[in-house]
Amino acid sequence: MSGFDGYKIPANLKKDFTPDETNEMRRAYQAFDINGDGHIDADELKSVLDNLGERMSADALNKMIDEVDTDGNKTVEWDEFCQMMHNIRNGKGEAAMAQVVKKAAKMFNVEGAGGAVHTFSEEERDAFTLHLNNCLGKDPDLSNMPMKIDSMELFENCQDGLMLCKLINLAEEGSVDERALNKKKNMNVYQKTENQNLAINAARAIGCQVVNVGAMDLIEGRPILILGLIWQIIKLQLTSNISLKDCPELVLLLEDGEELEDLLKLSAEDILLRWFNYHLKNAGSARRVTNFGGDLKDSECYSILLNQITKCGLVGAGDDKAKATQVIANANAMGVESFIQPNDIVKGNKKLNLGFCAQIFNTNSGLVISEEELADFDFAGLDLDDAGDTREERIFRMWINSLNIDGLYINDLFGDLTDGVAILKIMDKVEPGIVSWRKVNMSPKNKFKRVENCNYAVTLAKQMKFSMVNIGGLDICDKNKKLILGIIWQLMRRHTINILTNLTPGDKLVTDNEIIQWANDKVKSGGKPSSIRNFNDSSIASGQFLLDLCASVESRAVDPSIVSSGSTPEAKLNNARYAISVARKIGACVFLTPEDIVEVKSKMVLMFVASLWNASLSMA
């Protein structure tokens, strides 16, 4: 959503603040919420204090947050921030964090050159600028490349959405159909908005958690929001192939008692830490890394890692900055196109260190295993090319992750749901308040407790009128893939239908037939002759009906010269690709692939049309 629409003053506090004061509070909150995830944590608070020239211990930072944190999650949410400001106004005491807010008031309006203090990380801005120059510097559509380092050009170049969409395609090829992009110079606001909508919705579709970020925020060049989005995309770009499917040699990282399935549960960050420590151990070092921050500040571990992989020699004596400089030089010599700087290592910048480690891994992991040794592992039992990595499974993971559920990010759909807690969190997001959390074992220690959670999830699914024939909690706990996919699909559908129902008259849930009727009526009103009988209609495969529907929702969004009759398999795929990107630039958050359209996967087509209806109502 655009601007600050996502931050509403709690109803019981509205009378305490004027509209201008409310806007100032929103700006203040966003200035502190550096990564734009809707939470102010200790690291973000420290960043603001650093910019103010103040130093504070970790304990003091946590205490400052605890004074305001009412739900005990160690972060400050918008409602808690509002309550803090309310308490100040009503003489109920001034929390230490409120004093920081007052002192940082001049920092809330982030300005360009001219000496203004920035609340964002200039190191990250410069690093991301360098990375984008490396990756997109020669792109013919980006006339302002390369960008000047140590400048605000990064934010200026993001204002039309074109560079963001190009970056998304680097993270996952084909996510954005460039035929749907507006590429001309001096775009108007409508054209920029289309590109930004496409960027935001495509980012969600590849697993980014985009919260309270709208097209206008990006058009206005809001640094904090832009850096948060860019980092998520870069992180995916650098880590998406760090998986067992793409790197079977990761079996070398298995620990005693573990099986291949245990590796599937690990995030890319956890795999990188294991990989780092694998090389440290093999080098005979007693050092181990547990994070991408303080453990790497002295560059010793980096030095050992690179020497173990390339035999480049250990870095010599010197201060930490000198050693970091040599480490980066050694990495560059092996082909790493790094964007980290020596000071970033010395300061323990977690994001940039993570990116640097991923670049080293992607260039040369140093993991060597023979075909004969690999044959000893039962990869067939993992179904890496079957249900465990089907389009459907991946789409459901991306959808769940886009919901930005606190403390939940799904790496392995089937493995991550086995304790029941994750699926209950998803249910509570889809139907707020449906879960009685006192009934939930939040940290189940044994299978009995896990099954108990999963049984509760099945009970709630039946309460939501889901089809749950012959499904029990044990099926979820035992990773029954077909049944889990069925439950998640129904949750995804309900979530979309709930949104649609809230935007249409009446209280009854919108039905499939009503969605089909809306689509046919909309296409007819746009003067198009196409129609569908149901979501299994074979004519959907050509992509023409969906493009006609997009054009009827927003006529300017579709270029008729690009649309074909869809008479060949290739033509059908091209139409499908174009339809997905057009829907996203209209504002529809759709989760499907071109193949889903061509193969007429009715579930995915239903979600596409329902999401378009949502978008059209939001535009009204």
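This report walks through a predicted model of one protein chain, from its overall make-up down to a few single residues.

**The big picture**

The chain has 620 residues, and 53% of them count as buried. What is the chain built from, helices or strands? Helices: there are 28 of those and 0 strands. As for how the chain comes back to itself, take the contacts with a separation of 6 or more: residues 24 or more positions apart account for 61% of them.

**The nonpolar cores**

A bit of background helps here. In soluble globular proteins, nonpolar side chains tend to be buried together.

In this model, the largest nonpolar core has 175 residues. Which residues have the most contacts inside that core? They are Ile-488, Leu-491 and Phe-608. Helix 11, covering residues 223-239, gives this core its largest share, with 11 residues. Another core lies apart from it and has 20 residues, including Phe-17, Phe-32, Phe-81 and Met-85.

Let's zoom in on Ile-488. Setting aside residues up to four places away in sequence, Ile-488 touches Phe-396, Trp-399 and Ile-400. On the same terms, its list of partners also takes in Leu-413, Leu-417, Ile-423 and Ile-426.

**One helix with two sides**

Helix 3 runs over residues 58-68, and its buried residues are Leu-61, Met-64, Ile-65 and Val-68. Look down the axis of helix 3 and these buried residues fall within an arc of 95°, so they line one face of the helix. Over on the other side of helix 3, Asp-59 and Lys-63 are exposed.

**Salt bridges**

Side chains of opposite charge can pair when their charged atoms come close. In this structure the count comes to 32 salt bridges. Here are three of them, with the N to O distance for each.

| Salt bridge | N to O distance |
|---|---|
| Arg-125 and Asp-126 | 2.9 Å |
| Arg-179 and Asp-177 | 2.7 Å |
| Glu-599 and Arg-391 | 2.8 Å |

How do these pairs sit with respect to the surface? Arg-125 and Asp-126 are both buried. In the second pair, Arg-179 is partly exposed, with a relative accessible area of 33%, whereas Asp-177 counts as buried at 10% relative accessibility.

Then there is the pair of Glu-599 and Arg-391, whose side chains meet in a salt bridge. That pair links distant parts of the chain, with the two positions 208 residues apart. Glu-599 is in the loop between helix 27 (594-598) and helix 28 (602-619), while Arg-391 belongs to helix 19 (residues 391-402). Why does Glu-599 count as partly exposed? Its relative accessibility is 42%, and partly exposed covers the range between under 20% (buried) and over 50% (exposed). Arg-391 also counts as partly exposed, at 30% relative accessibility.

Some salt bridges share partners: Asp-139, Asp-141, Lys-166, Glu-178 and Lys-183 are joined into one network that way.

**Cysteines**

How many disulfides does a search of the whole structure find? The answer is 0. Two cysteines can still be placed by their accessibility. Cys-135 counts as partly exposed, at 30% relative accessibility, whereas Cys-158 counts as buried, at 0%.

**Two lysines, two settings**

Is Lys-347 buried or exposed? Lys-347 is exposed, with a relative accessible area of 52%. You'll find Lys-347 in the loop between helix 16 (342-346) and helix 17 (350-363). Leaving aside neighbours within four places in sequence, Lys-347 is in contact with Glu-123 and Lys-297. With Glu-123, the link is a polar contact between the two side chains, at 3.2 Å. Lys-347 and Gly-293 are 54 residues apart in sequence, and their C-alpha atoms are 7.7 Å apart in space.

And what about Lys-585? Lys-585 is found in helix 26, which spans residues 569-586. Lys-585 has a relative accessible area of 5% and is buried, since buried means under 20%. Leaving aside neighbours within four places in sequence, the contacts of Lys-585 are with Ala-180, Glu-194, Asn-197, Leu-198 and Ala-557. Put next to each other, then, the two lysines have different settings: Lys-347 is exposed, whereas Lys-585 is buried.

Notes
Residues numbered from 1 in each chain as written. Predicted model: local features only at pLDDT ≥ 70, side-chain atom pairs only at ≥ 80, totals over all residues. Heavy atoms only, no water. Helix = DSSP H or I, 4+ residues; strand = E, 2+ residues; numbered from the N terminus. Buried < 20%, exposed > 50% of the residue type's maximum accessible area, 1.4 Å probe, protein only. Contact = heavy atoms within 4.5 Å. Polar contact = N/O pair within 3.5 Å; in protein donor to acceptor, adjacent residues only side chain to side chain. Core = buried A, V, L, I, M, F, W, Y, C linked by side-chain atoms within 4.5 Å. Salt bridge = Lys/Arg side-chain N within 4 Å of Asp/Glu carboxyl O. Disulfide = S-S within 2.5 Å. Arc of directions from axis to C-beta.
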